[in-house]
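Hi,

Here is the structure I promised to pass on. Have a look at it first, and then read my notes underneath.

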Amino acid sequence: KQAAIISAEGDSQAALLIANSLMDAGDGLVELRKLEAAEDIAFQLSRSRNVTYLPSGQGTLLQLPQ
């Protein structure tokens, strides 16, 4: 029980530090993390054989016969 309380207090303190850092430095770190996550997702998808890339904005699927 004591370990759970200490862990929760640590999580609370970490969240407070992150919130304060974001207020001071802006959300540049969040944008960087989003870009890193997008890069990782693109890398994982590029290795998958079940993914087909379609050009954007051309309505490729709309031109298929029904």
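Helix α2 gives the largest share of the nonpolar patch, three residues. The patch sits on the surface and is made up of I18, L22, L29, V30 and L32, which together have about 410 Å² of accessible area. Both helices take part, since α1 (2–25) and α2 (28–47) each bring in at least two of the patch residues. Keep in mind while you look at this that the model is predicted.

One patch member I checked on its own is L22, which belongs to helix α1. Is L22 buried or exposed? Neither, quite: its relative accessible area is 31%, so L22 counts as partly exposed. That also puts L22 past the patch cut-off, because patch residues need over 30% relative accessible area.

On helix α1 itself, I compared the length with what its residue count predicts. With 24 residues at 1.5 Å a residue, α1 should span 34 Å, and its end C-alpha atoms are indeed 34 Å apart, so the two agree. Just after α1 you will find G26, which has a positive phi of about 85°.

Over in helix α2, take a look at S46. Its relative accessibility is 45%, so S46 is partly exposed as well; the range for that label runs from 20% to 50%. What does the S46 side chain reach? The backbone oxygen of F43, at 2.7 Å.

That's what I have for now. Shout if anything is unclear.

Cheers

Technical notes:
Residues numbered from 1 in each chain as written. Predicted model: local features only at pLDDT ≥ 70, side-chain atom pairs only at ≥ 80, totals over all residues. Heavy atoms only, no water. Patch = residues over 30% accessible without salt bridge, like charges linked within 9 Å, V, L, I, M, F, W, Y side chains within 5 Å. Areas by Shrake-Rupley, 256 points an atom, 1.4 Å probe, with all protein chains shown as cover. Salt bridge = Lys/Arg side-chain N within 4 Å of Asp/Glu carboxyl O. Helix = DSSP H or I, 4+ residues; strand = E, 2+ residues; numbered from the N terminus. Buried < 20%, exposed > 50% of the residue type's maximum accessible area, 1.4 Å probe, protein only. Polar contact = N/O pair within 3.5 Å; in protein donor to acceptor, adjacent residues only side chain to side chain. Expected span 1.5 Å × (residues − 1).
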